[in-house]
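Dear colleague,

I am handing over the structure we spoke about, and you will find the sequence and the coordinates just below. My notes on what was found follow after them.

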Amino acid sequence: MTETASAVTSLMAAIADVGTDPRRGGYSRPVWSPAEKDLRGWFLQEAHSRGLDTEEDRNGILWAWWDLPAGRRVTSLEASRQGALVTGSHLDSVPGGGAYDGPLGVASALAAVDVLQAREAAGALDRRRPLAVAVFPEEEGSRFGVACLGSRLLAGTIPVERALGLRDAAGITFAEAARAEGLDPAHIGPDPAALARIGQFVELHVEQGRGLNTDEHLSAGAPAIAVGSTILGHGRWRISFHGQGNHAGTTLMSDRCDPMVAAAETVIDVRRLARVQPEARATVGRVEPVPGGTNVIASRLDLWLDVRHPEDEVTAALVEDIWRHAQQAALSEGCTAELTEESLSGTVHFDPQLAASLTEAVRRTAPAAPLLPTGAGHDAGVLAAKVPTGMIYVRNPSGVSHAPEEHVEDGDAVLGVHALADALEDLL
Ligand code: GLV
Ligand code: MN
Ligand code: MN
């Protein structure tokens with residue numbers, strides 16, 4: 001394996017201290033937090049050191065261009081970027097997330113540029129088009145609530161007014177936060193010109209479940225790399241329970257309208273209803289009682305529901321069922337409830353031709369690399385509606401993600417860079 005591919009481990013080591021979260025463990029790097037902005041700065045610096053031309057577009061997406069040399073362009077620089085090959089991922093994280101979800105794809109993309117630049121310098125690579133590395137903001141939706149917000153805005157798959165009005169936990173709107181970062185809210189939204197620059201998009205990502213970590217997959221010689229086949233359909237809903245805020249000591253148990261109790265019953269129902277639905281996943285990972293005091297019966301509680309299933313109709317029916325039970329729980333506690341859909345993405349089937357090309361290339365590094373479905377959402381899934389996209393996964397021996405235990409062995413990360421570089425070379 002070449003020295004250049006191993007740059008991925010030093011790149012990851014260089015950001016290992018950025019955004020650590022001592023309270024939750026792992027990393028908390030919400031979009032445009034000091035930590036995420038440090039990572040954006042790190043990315044731009046690393047891109048410059050490779051001679052890449054960087055820019056931030058009107059939706060806050062970072063681009064780093066490895067253009068064709070001036071003498072080899074048959075058109076202007078801007079025109080030559082149409083239909084380029086793009087790779088990359090994101091640098092934001094969930095609260096208390098792992099080190100690899102997002103940054104591994106960015107670091108691997110930079111290391112793959114190293115490999116390809118070395119091959120070109122050695123006369124072993126003859127490119128026909130530019131390669132760009134892209135970094136998408138708010139992939140996790142952990143600050144403004146809608147996952148893959150940057151790629152959704154680029155692709156025009158979220159109404160702009162809705163995106164601009166999204167609020168973070170401090171009440172700051174996306175428009176205000178974007179303006180504070182030097183973006184013009186009037187120019188946020190669908191960007192057909194930027195989209196036209198993506199001929200194909202390939203995202204390398206840490207594998208986030210047990211796709212490559214069964215006993216069989218952890219044995220010697222088992223593939224550390226896979227190619228993406230599908231992304232499970234998924235959505236987010238908010239259920240708000242309204243009750244009567246009151247005193248924990250003076251309010252008799254028989255006199256309470258406690259939204260916490262209605263929410264607790266709902267959480268149990270979510271698991272019970274999802275378990276009888278094969279292939280469904282339903283999660284309540286976040287609740288916010290208002291005002292949130294130990295000696296205060298809450299007046300309101302917001303509960304966020306994440307539901308995933310291969311078929312949109314099943315997802316809809318499951319959410320409907322959960323909602324019916326939530327209303328019942330609210331009623332029996334003397335509360336009311338309201339339901340708001342925050343996002344919904346259907347199951348994605350990655351472009352079969354691109355998946356075949358990726359598989360052929362990846363198998364030069366990992367001969368038995370399988371095609372793997374995933375239950376995790378990605379910018380590649382959003383962009384798949386507009387351009388051919390594909391994904392490469394790197395083994396995660398812990399089988400855990402969105403948590404500090406998420407892990408990638410250095411050797412596997414280097415294999416991932418080789419697989420990505422080969423895949424990009426075939427497509428360039
Ligand atoms: C993002 O990683 C998601 O699947 O929610
Ligand atoms: Mn991710
Ligand atoms: Mn994630």
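E140 has a relative accessibility of 7%, and because buried means under 20% relative accessible area it counts as buried. Please keep in mind that this is a predicted model, and that what follows is computed from it.

E140 is one of the protein donors of the manganese ion (ligand 3), where it appears twice through OE, beside D101 (OD) and H402 (NE2), with the donors lying 2.1 to 2.6 Å from the ion. Along the sequence, the spacing of these donor residues reads D-x38-E-x261-H. E140 sits in the loop between β4 and α5 (149–155), whereas H402 belongs to the loop between β15 (389–394) and α14 (410–427), so this pair ties together parts that are 262 residues apart in sequence. Unlike the buried E140, H402 is partly exposed, its relative accessible area being 41%.

The second metal site is linked to this one through D101, which coordinates both manganese ions, ligand 2 and ligand 3, at a separation of 3.7 Å between the two ions. For the manganese ion (ligand 2) the protein donors are H90 (NE2), D101 (OD) and H205 (NE2), and they lie 2.1 to 2.2 Å from it; the corresponding spacing in sequence is H-x10-D-x103-H. Here H90 comes from strand β3 (residues 84–90) and H205 from strand β5 (residues 198–206), so the two histidines tie together parts that are 115 residues apart in sequence. Both H90 and H205 are buried.

Two of the residues already named also take part in the surroundings of ligand 1, which consist of E140, R308, A376, G377 and H402. By class, that shell has one nonpolar, two polar and two charged residues. As for polar distances, an N or O atom in the side chain of E140 is 3.2 Å from an oxygen atom of ligand 1, a polar side-chain atom of R308 lies 2.8 Å from an oxygen atom of the ligand, and for a polar side-chain atom of H402 the corresponding distance is 3.1 Å. Taken alone, ligand 1 exposes 190 Å², and 94% of that is buried by the protein.

Turning to the strands, which side of β4 is covered by the rest of the structure, one face or both? Both faces are covered, with L131, V133 and V135 buried on one side and A132, A134 and F136 buried on the other. Since six of the six residues of strand β4 (residues 131–136) are buried, it is largely enclosed by the rest of the structure. Strand β4 pairs with strand β2 (residues 62–66) in the antiparallel sense over five bridges, and within that pairing L62 has V135 as its bridge partner. With β3, the strand that carries H90, β4 pairs in the parallel sense over six bridges, and T87 stands opposite V133.

One last point concerns the start of the chain, where A5 is placed in the segment before α1 (7–14). A5 counts as buried, at 0% relative accessibility. Its C-alpha is 6.5 Å from that of H418, although A5 and H418 are 413 residues apart in sequence.

With best regards

Methods. Residues numbered from 1 in each chain as written. Chains lettered and ligands numbered in written order. Predicted model: local features only at pLDDT ≥ 70, side-chain atom pairs only at ≥ 80, totals over all residues. Heavy atoms only, no water. Donors = N, O, S within 2.8 Å, 3.2 Å for Na, K, Ca; no water. Helix = DSSP H or I, 4+ residues; strand = E, 2+ residues; numbered from the N terminus. Buried < 20%, exposed > 50% of the residue type's maximum accessible area, 1.4 Å probe, protein only. Near = heavy atom within 4 Å. Polar contact = N/O pair within 3.5 Å; in protein donor to acceptor, adjacent residues only side chain to side chain. Areas by Shrake-Rupley, 256 points an atom, 1.4 Å probe, with all protein chains shown as cover. Nonpolar A, V, L, I, M, F, W, Y, C, P; charged D, E, K, R; others polar. Pairing = 2+ DSSP bridges.
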